[in-house]
Amino acid sequence: MKFSLKLFKRTNDKSNGTPLEGKKKSSDQEVPSEYQDALVGALGLKKYFAIKQGFLSSLAGTQAYVKAVDDINFYVRKGEVFGLAGESGSGKSTTGRLLLRLTDITDGRVFFKGKDISKIPARQMKPLRREMQIIFQDPYESLDPRMTIKEIVAEPLRIQGLTKNEKEIEERVKQILSEVEVVPPEEFLHRFPHELSGGQRQRVAVARAFVVNPEFVVADEPVSMLDVSIRAEVLNSMLELVQKRQVSFIYITHDLALAKHICDRLAIMYLGKIVEMGPTDQVINNPLHPYTQALIAAIPVPDPTHKRGNIPISGEIPSPLNPPQACRFHTRCPYAFSECTTLEPPLVEAEPGHFVACHMVRK
Amino acid sequence: MPVLEVEHLTTNYKTLRGWVKACEDVNFQVEKGEAMGLVGESGCGKTTVALSLLKLLPSAGRIRKGKILFNGNDLVKMNDNQIRKIRWKGIAIVFQGAMNALNPVFKISDQINEAIKIHEPGVSRSAARERVEALLEMVGIDKSRADNYPHEFSGGMRQRALIAMALAANPEVLVADEPGTALDVVVQAQILKLLRELKDKLNLSMVFISHDLSIVAETCEKLAIMYAGQIVEYGDTKSIFEKPLHPYTQGLLGAFPSIKGPRKKLISIPGQPPDLLSPPVGCRFNPRCPYVMDICKKEEPGLLPVDQQNHLVHCHLYPQH
């Protein structure tokens, strides 16, 4: 079988070069057609964090980088729930922040509604921010303890200048609060975050993100701080909003079992790379990458009769400061062979819509 | 005879606003070589039970009623000196949060050594060193790493080191408080596998505390489901998963996503756990229960067997006699 997919071919093979050389001219390139139809897309997206070093090595001029996100490509269609899954340190949160331009992009392009937004100045980002929002993990930290619920939810409306009419602001705040089931909203308007339970706080955070009618929302582990019995409720009312408003939704999680139940498509990340991507059912039921297979085998199943197979991989995720060369997974891979240590596997389409970056699958 | 028998254990915390009823009338037994899972959400009192077992409660916590029988001896009545002889040699604990439970300024070997020396004062230096190395090898850490500091260990290795430390004085009962919770799934699976192997090898009895039903499903023979300071369902793991009786257990199982099986909409339990300063009268689950009846708001149900003797439930839906 011959795989050819121009889009996911590596465009820059000098992956060890300093981050800013390479493809500076990317903005001159054409926008690929898939990205024009998609709402959000990342093309060759990279984020390298420079590491503080001692005086001597700074004289030597060898700056070291943590390659948090290293050349990833994907897009999210309108109204799609796209899951980004991986262990801690895999770069999934950084990816979410890069798409929203909350972190500076080292290299590569981000498309929003067919436009490259990776280079536009911060001032021009402001109107776009109305259309893209984020929900953070910890509702105990993401809400200002000195603001009332009304002020918290109204703040995006005020910043965006969507309405100056106080009455209308209150109406919209009440409306969105009842949509996320913080009911009756009148009772909550003048309360402070500490008076609310964790679940209610996270609902307020959801309301704050959705009050400006965004078209694209990133949710970074939105329910991992909540208890199981409350989690499903918050998740369901969030997904209802996503569906009702046809929002493109990126769901960042380490919990594949949860991702399976809510995502349309799923990308598995490992050390800053996407190793597998495709429709959720295909990725979960027919995982092709050895890492995805191990990840799925490692998830405990709430069924005492289920016999767990052996987890084929050992060890822990290596430091992103000094990731393994070529295929980053080869140090833990049970099937690794010589090619894996010398050549980086590209992300190729193994079956329609299902991409994997592994030399085994290419053979 | 069970190794550990807890009868009517009631542990409360004293606050300015009254007693926080974190653990009320808790009963369970753990046999030799058996693992019991204590499952519940945050704030349900599961860690309070664990700390009561070792009498390690913070200063506001009191055991107000009940017995903790370890090989027939009541720990509640013991004074500090007596309990110190039980701790670690009889019952040891693996604390929650592998990242913070180790002292950052001491070598791993010194920290395990300390546990050995306190409980076996006469042991020679070389013998203690051998024990440290043997313990580390047993939990899958190479002995050359013994003189590392905690920051040189990864999260999974720290958790392993904590397990090694808990096993330093050959305890009969191991209390594991959320082992692996802060770790990634692959590492978590390795830790669970290690605990299962150690349990079989050393014939350990375990009290396994977790909020995650899927973790206890594969590690424990017996389960106790806690809600708002009380055990609401108690029995062997298979029958609880096959036929959950308490509405809370049913709700919890419905809210749990599984990687196996078809996609489904997750069902949640409406409402939130009560404030334990003044828990609801009657059954503590009644404000959230879909089957609530009048009697639930007045009378507290007993933890009684249904159908079989080894499956108990704390609910008015089942005959109360």
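These legends walk through close-up views of a predicted model with chains A and B.

**View 1. The largest nonpolar core and some of its best-connected members.** In general, nonpolar side chains tend to be buried together in soluble globular proteins. The largest nonpolar core here has 196 residues. Those touching the most other members are A:Val153, A:Ala207, A:Tyr251, A:Ile268, B:Val207 and B:Phe208. Take B:Val207 as your starting point: beyond its neighbours within four places in sequence, B:Val207 is in contact with B:Val30, B:Met36, B:Leu38, B:Ala50, B:Leu53, B:Val173 and B:Val175.

**View 2. Helices α5 and α8 of chain A pack together.** Two packed helices are described by the angle between their axes and the distance between the axes. For α5(A), residues 149-159, and α8(A), residues 198-210, the angle is about 30 degrees and the axes are 7 Å apart. That angle makes α5(A) roughly parallel to α8(A). The crossing of α5(A) past α8(A) is right-handed. Look for A:Ile149, A:Ile152, A:Val153 and A:Pro156 on α5(A), which meet A:Val204, A:Ala207 and A:Arg208 on α8(A). By class, the residues of this contact are six nonpolar, no polar and one charged. Two of the names may ring a bell: A:Val153 and A:Ala207 also appear among the core members in View 1.

**View 3. Helices α3 and α5 of chain B come together.** Here the axes of α3(B), residues 108-119, and α5(B), residues 155-166, come within 9 Å and cross at roughly 25 degrees. At that angle, α3(B) is roughly parallel to α5(B). This crossing is right-handed. From α3(B), the contact uses B:Ile108, B:Gln111, B:Ile112 and B:Ala115, while α5(B) brings B:Ala161, B:Ala164 and B:Met165. Of the residues in the contact, six are nonpolar, one is polar and none is charged.

**View 4. Chain A meets chain B.** Each chain has its part in this contact: 36 residues come from chain A and 36 residues from chain B. On the side of chain A, the elements giving two or more residues are α9 (228-244), α10 (256-262) and α12 (290-298). The largest share, eight residues, belongs to α9(A). The chain A side has 20 nonpolar, eight polar and eight charged residues.

**View 5. Helix α12 of chain A and its surroundings.** Is α12(A) largely enclosed or largely open? Seven of its nine residues are buried, so α12(A) is largely enclosed by the rest of the structure. The buried ones are A:Pro290, A:Tyr291, A:Thr292, A:Ala294, A:Leu295, A:Ile296 and A:Ala298. They pack against α10, β9 (265-270), β10 (273-279) and α11 (280-285) of chain A, together with α6 (185-202) of chain B.

**View 6. Backbone features to look out for.** Most residues other than glycine have a negative phi, and most peptide bonds are trans. The bond from A:Val183 to A:Pro184 is cis, with omega near -10 degrees. A:Pro184 sits in the loop between α6 (166-179) and α7 (185-188) of chain A. A:Arg101 has a positive phi, near 60 degrees, and lies in the loop between α3 (92-99) and β4 (107-112) of chain A. B:Asp25 also has a positive phi, about 50 degrees, but its place is in strand β2 (residues 18-30) of chain B.

**View 7. B:Asn310, an exposed strand residue.** B:Asn310 belongs to strand β12 (residues 308-314) of chain B. With 11 C-beta neighbours inside 10 Å, B:Asn310 counts as exposed. Its C-alpha atom is 5.3 Å from that of B:Gly235, although the two are 75 residues apart along the chain.

How values were computed:
Residues are numbered from 1 along each chain as its sequence is written. Chains are lettered from A and ligands numbered from 1 in the order in which they are written. This is a predicted model: local features need pLDDT of at least 70, side-chain atom pairs count only at pLDDT 80 or more; totals for chains, interfaces and linings use all residues. A nonpolar core is a set of buried Ala, Val, Leu, Ile, Met, Phe, Trp, Tyr and Cys residues joined through C-beta atoms within 7 Å. A residue is buried if 20 or more other C-beta atoms lie within 10 Å of its own, exposed if 12 or fewer, and partly exposed in between; C-beta atoms are placed from the backbone. Two residues are in contact if their C-beta atoms, placed from the backbone, lie within 7 Å. Axes are lines fitted to C-alpha atoms, for helices over the stretch in contact, and angles run from 0 to 180 degrees between N-to-C directions. Helices (H or I, at least four residues) and strands (E, at least two) are DSSP runs, numbered from the N terminus. Angles under 35 degrees count as roughly parallel, over 145 as roughly antiparallel, 65 to 115 as roughly perpendicular and the rest as oblique. A crossing is left-handed if the near helix is turned anticlockwise from the far one by less than a right angle, and right-handed if clockwise. Ala, Val, Leu, Ile, Met, Phe, Trp, Tyr, Cys and Pro count as nonpolar, Asp, Glu, Lys and Arg as charged, and the others, Gly among them, as polar.
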